Amino acid sequence: MTIDEAVAHWVRPELRELIAYHVPEPDNRIKLDAMENPYTWPSELVEQWLARLREVPLNRYPDPAARLLAGRLREAMAIPDGAEILLGNGSDELIQMIALALAQPDRVILAPEPSFVMYRLIARFAGMACVTVPLNRDDFSLDMAAMRAAIERTQPAVVFLAYPNNPTGNLFAAEQVVEIIELTPGLVVVDEAYAPFAEASFLGELSRFENLLVMRTLSKLGLAGLRLGLLAGDPRWIGELNKVRLPYNINVLTQVSAEFALAHRSVFDDQTRQIREDREQLFICLQAMPALTVYPSRANFILLRVKEKGAKRVFTALKQAGVLIKNLHGTSPLLEDCLRVTVGRPEENRTFLAALSHALSDGE
Ligand SMILES: *Cc1c(COP(=O)(O)O)cnc(C)c1O
């Protein structure tokens, strides 16, 4: 057998037909494609953090339960007392743990479409079917008639709802999310990756619904490089999910750094407040541009549609001007000619706006 034959024989067919998740190489462009917080820490804070890191015993395994960090997270995110938490190497790993724990050939993961791509990808890895239900075309709200029918028909093991939704930026109506939780036979995971920008949460509803889990991450808050996510819910669910967690999934540098960062979280609170204000500013400027449709956002990014010029041309023109955003055209029938821009620093937003204005008015 040649190596090509061996790979074709042994690797699961549903994996071979996947295209590896593509992330563009970082360079010195203005980077507004990945919902990162554009701000770093004040230098005296960096010094204190480095002093903490110097004491870390890298020769030892980390605390498998990350107790210090878990306590700090509970406090910082106001996790209700009755809820248990599970930490993941980013919320991506938590999605994977949920899928691994529930996977069986006849079981379904349900999610609206368009939404976060990892729900679908991870369903694939785990050998589960992923059923998607298109959002309403005009405002990306939930199509409740279609959601009800899909839940009834597929009896999903888990429904993922990003709240606010990525890549559309809107917050689904809370009473509709509640209805989905009530109708779903399995779990409902409310993915609150953008909670710092939304100022809305289902954490307070955990005690009301036994099949609800709420997911958070530090990535969009300003610690994307650390990879730390959190899942909160009833101890009986979390206890089972914890069994598929690899013992030392949260490395010691992440544990110490995240704990340090959360002890100084006023820095992040100031940064996220600034980003929320700049989002409103950016929204107003975009709305004033005639050749595009702007969608309201409760996250740290804004979705736009450039129907006349076409997403590809605008994306390319921006890239040539040194501004990298995300081209969503082709990722969903609902996202024709759509682009997604992350809210950056004020000067980055201005450069983006100028380049966009130029790209839209360009005659050729
Ligand atoms: C970015 C994002 C995540 C990924 O979070 P990580 O903790 O970085 O893995 C999860 N859910 C949604 C909806 C996101 O947009």
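Visitor: I'd like to learn how to read strand pairing. How many bridges join β3 to strand β5, and do the two run parallel or antiparallel?

Guide: Start by looking for the bridges, then check the direction of the strands. Here 2 bridges join β3 to β5 (residues 158–162), and the two strands run parallel. If you want a spot to look at, find I109: its bridge partner in β5 is V158. One thing to keep in mind as we go is that this is a predicted model.

Visitor: Which other strand is joined to β3?

Guide: That's β4 (residues 129–134), which runs parallel to β3 and is joined to it by 6 bridges. Within that pairing, P112 stands opposite V133.

Visitor: And what kind of unit do β3 and β4 make together with a helix?

Guide: Follow the chain from β3 through helix α6 (residues 117–126) to β4, and you've traced a right-handed β-α-β unit.

Visitor: How do I tell if a strand like β3 is covered or open?

Guide: Count its buried residues, where buried means under 20% relative accessible area. β3 (residues 108–113) is mostly covered, with 6 of its 6 residues buried. Try β2 (residues 84–88) too: 4 of its 5 residues are buried, so the rest of the structure largely encloses it.

Visitor: Which strand does β2 pair with, and in what direction?

Guide: β2 runs antiparallel to β8 (residues 229–233), with 5 bridges between them. L86 is a handy marker, since it stands opposite L231 in β8. While you're looking at strands, here's a general tip: side chains in a regular strand alternate between the two faces of the sheet.

Visitor: What is the order of the strands in the open sheet?

Guide: Read across the sheet from one side to the other. This one has 4 strands in the order β9-β10-β13-β12, with antiparallel pairing. β9 (293–295) and β12 (326–327) are at the edges with a single partner strand each, so each has one side without a neighbour in the sheet. Then there's the pair β10 (residues 301–305) and β13 (residues 338–342), which is antiparallel and joined by 5 bridges. There, I302 stands opposite V341.

Visitor: Let's move to the ligand. How many residues surround it, and which are the closest?

Guide: The shell has 13 residues, and the closest are D191, Y194, T217, S219 and K220. Sorted by class, that shell has 4 nonpolar, 5 polar and 4 charged residues. Two helices, α5 (91–102) and α10 (219–223), each supply at least two of the shell residues.

Visitor: Where do N or O atoms of the protein come up to the ligand's oxygen atoms?

Guide: Let's go through three places. A backbone N or O atom of D92 is 3.0 Å from a ligand oxygen. In the side chain of S219, an N or O atom is 2.6 Å from an oxygen of the ligand. For the side chain of R227, that distance is 2.7 Å. As for cover, the ligand alone exposes 390 Å², and the protein buries 94% of that.

Visitor: Why do R279 and L218 count as buried?

Guide: Compare each value with the cut-off, under 20%. R279 has 7% relative accessibility, so it counts as buried. You'll find R279 in helix α13 (residues 266–287), and its side chain reaches the backbone oxygen of A299 at 2.8 Å. L218 counts as buried because its relative accessibility is 2%. L218 is in the loop between β7 (212–217) and α10.

Notes
Residues are numbered from 1 along each chain as its sequence is written. This is a predicted model: local features need pLDDT of at least 70, side-chain atom pairs count only at pLDDT 80 or more; totals for chains, interfaces and linings use all residues. Side-chain values use heavy atoms; hydrogens and water are left out. Buried means under 20% relative accessible area, exposed over 50%, partly exposed in between (1.4 Å probe, protein chains only). Two strands pair if DSSP finds at least two bridges between them. A crossover is right-handed if, with the strands pointing away from the viewer, the path from the first strand over the helix to the second runs clockwise. A residue is near a molecule or strand if one of its heavy atoms lies within 4 Å of it. A polar contact is a pair of N or O atoms within 3.5 Å; within protein, one must be able to donate a hydrogen and the other to accept it, and residues adjacent in sequence count only if both atoms are side-chain atoms. Accessible areas come from the Shrake-Rupley method with a 1.4 Å probe; for residues, only the protein chains shown count as cover. Ala, Val, Leu, Ile, Met, Phe, Trp, Tyr, Cys and Pro count as nonpolar, Asp, Glu, Lys and Arg as charged, and the others, Gly among them, as polar.
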